[in-house]
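I sat down with this one and kept a few notes as I went. Here they are, in the order I looked things up.

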Amino acid sequence: MKLSELTAYKNIVLQMHNIPDADTVSCAYVLQKYFEKHNCKAKIIYGGKIKITKPSLAIFIEALGIEVELVSEIPDVDLLITIDCQYGAGNVQKFPCKKFAVIDHHISEITENEFCEINPALGSCTTLVHSMLLKEKDSADFLKDEKISTALYYGLYTDTNGLAELRHPLDRDLSEVYFDKTLIKKLRNANLTMPELSIVSEALKIFEVVENIALFKAEPCDPNILGFSSDIAMQVESLDACIVFSNIGNGLKLSVRSCSREYMANELAAFLCEGFGSGGGNLEKAGGFLKNSEEYLISRLKEYLVAFDKIYAGQTPIDFASMKRYKKLQIPVGFAKCEDLFQDGTKITVRTMEGDLDLIAKENIYFMIGIEGEVYPILHEKFEKNYIAMEDEYRQVFEYPPTVINRLTGRKQGISRFAKICFPKDQKIIKAKQIEKLTKVFTYWDTEKYFSGKPGDFLTANETDLNDCYIVNERIFYKTYELI
Ligand SMILES: [Mn+2]
């Protein structure tokens, strides 16, 4: 769905979820301004009987001059858009309407019509609105407006625990927009009421410990209280990971922390929420939403702890003899020369679906672009040894096009624009077998994280160095290897 399609409706109601948070308010405000710019009337409302009282949110609404109204019925309009929630779902009062649209980042729980834009992979609904605006040709000036960019930023800030739990490259893009620093600082320091401070202290009493992962339960509260509670809990010496959760009415909101190589916080959060919500973040900090009970959360955590086979490369015995031999297909991949993009010494960030990678530009670095848009740097000498460079341009479409960012100027450029194709010189032979259980593979060359494999994925090892084993996703494996 495109935002511009909705501008055909001239009389719109923007409905936030009950007990509105900063994310839903920010989205509603930005969309209201967008629709007004396109000569549509757009009124912001919410239902559910409970008025907004959170101090930081009240200051935010006042500072931006946002008009929101708690209502028990709505006027007759052409279109009702539920924002950061889904029409008919449990956390939003259902008002009769002729036509509805949905803009949301929670897992889909309704029968969708043609006007539903739902992406649960995103950390906030403002990320979704931002990306929808970027797709509109006439939005460049609109997005430069300080109030607009500050509102988008603040929605992301509050929904990802102060940007600690960013999960998608589009979240990272939004986290870098220009914003009103004075206002955000004021909001940051008006975050809690005295009763909420008591919720934090109550929450920090251990609720349950499973192995060395602790669970903490907070009273129903604003989700950002969870993030700083988990940050404190993670500093306990005996804990490898922790989860602070709270029932926010329609499910559990989680904040996950890890300080151990054995648990990646983003993977743990995704596992806990799988099937009933979504979770993600980075290796150490993640969050999620789970539409299920606390009993389920505890049993799911116990499941997590026994669900994985663990392989430590070079240490765990593996039956290589039973594994079949595969050769890598001669499929073209992309490469771009760092020197075509940046001067030597420039601090840069490579952004892909898999995360951010910080580097310093050097002329002997080449960027390799894999078939799913993953990017990894390789030295010129190694490239020459292993690949044949072609003159053809590399054209591929990815969900998030791999991007490089100059960290000093903030300038972003797609890598693909500078990329040519290349072929591997030698045929790489590997040994591989499909795994039947969830598996964590700790390679000898990555000391921070592990490869996490699902049943069907391939455990593979380089034939010339069997200690070099790792996991290849099933889909990628079939695109890249062939049985000998
Ligand atoms: Mn949200």
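Before reading any partner across a sheet, I fixed my terms: two strands pair if DSSP finds at least two bridges between them. I also kept in mind that this is a predicted model.

**Entry 1: strand S10 and its partner.** I looked up the residue facing Leu-254 and found Gly-288 of S12 opposite Leu-254. Strand S10 covers residues 252-258 and strand S12 covers residues 285-290. The two run antiparallel and are joined by six bridges.

**Entry 2: the whole sheet.** Next I asked in what order the strands of this open sheet lie. I read S7-S8-S9-S10-S12-S11, six strands with mixed pairing. At the edges I found strand S7 (206-210) and strand S11 (277-281), each pairing on one side only. From one strand to the next, I noted an average twist of 15°.

**Entry 3: Cys-259.** I followed the chain out of S10 and found Cys-259 in the loop that leads to helix H11 (265-273). Is Cys-259 buried or exposed? I counted 16 other C-beta atoms within 10 Å of Cys-259; a residue counts as buried at 20 or more and as exposed at 12 or fewer, so Cys-259 is partly exposed. Leaving out residues up to four places away in sequence, I listed Met-234, Asp-240 and Glu-284 as what Cys-259 touches. I also checked Cys-259 against Phe-367, 108 residues along the chain, and got 30 Å between their C-alpha atoms.

**Entry 4: domains.** I wrote down the assignment: domain 1 (3-188), domain 2 (194-307), domain 3 (313-327 + 427-483) and domain 4 (333-415). Then I looked at how domain 2 meets domain 3. Their centres, taken over C-alpha atoms, are 31 Å apart. I found five residues of domain 2 in contact with six residues of domain 3. On the domain 2 side, I sorted the touching residues into three nonpolar, two charged and no polar.

**Entry 5: strand S14.** I looked up the partners of strand S14 (residues 324-328). With strand S24 (residues 429-434), S14 pairs in the antiparallel sense over four bridges, and Arg-325 stands opposite Lys-431 there. With strand S29 (residues 481-483), S14 shares three bridges, again antiparallel. In that pair, I found Lys-328 opposite Tyr-481.

**Entry 6: the nonpolar cores.** I turned to the largest nonpolar core and noted 50 residues. Which residues have the most contacts inside this core? My list reads Leu-14, Ala-28, Val-30, Leu-31, Ile-83, Ile-103 and Val-129. Helix H2 (residues 22-37) gives the largest share of this core, nine residues. I picked Leu-31 for a closer look: beyond four places in sequence, Leu-31 is in contact with Leu-14, Ala-42, Ile-83 and Val-129. Apart from this core I found another, of 49 residues, including Phe-216, Phe-245, Ala-265 and Leu-290.

**Entry 7: helices H4 and H6.** Last, I checked the packing of helix H4 (residues 125-134) against helix H6 (residues 146-159). Their axes come within 7 Å and cross at roughly 145°. From H4, I listed Cys-125, Thr-126, Thr-127, Val-129 and His-130 in the contact, and from H6, Leu-152, Gly-155 and Leu-156. By class, I noted four nonpolar, four polar and no charged residues. Val-129 turned up in my notes twice, here in the contact with H6 and earlier in the list for the largest nonpolar core.

Technical notes:
Residues are numbered from 1 along each chain as its sequence is written. This is a predicted model: local features need pLDDT of at least 70, side-chain atom pairs count only at pLDDT 80 or more; totals for chains, interfaces and linings use all residues. A nonpolar core is a set of buried Ala, Val, Leu, Ile, Met, Phe, Trp, Tyr and Cys residues joined through C-beta atoms within 7 Å. Two residues are in contact if their C-beta atoms, placed from the backbone, lie within 7 Å. Axes are lines fitted to C-alpha atoms, for helices over the stretch in contact, and angles run from 0 to 180 degrees between N-to-C directions. Domain bounds come from an automatic or database domain assignment. Ala, Val, Leu, Ile, Met, Phe, Trp, Tyr, Cys and Pro count as nonpolar, Asp, Glu, Lys and Arg as charged, and the others, Gly among them, as polar.
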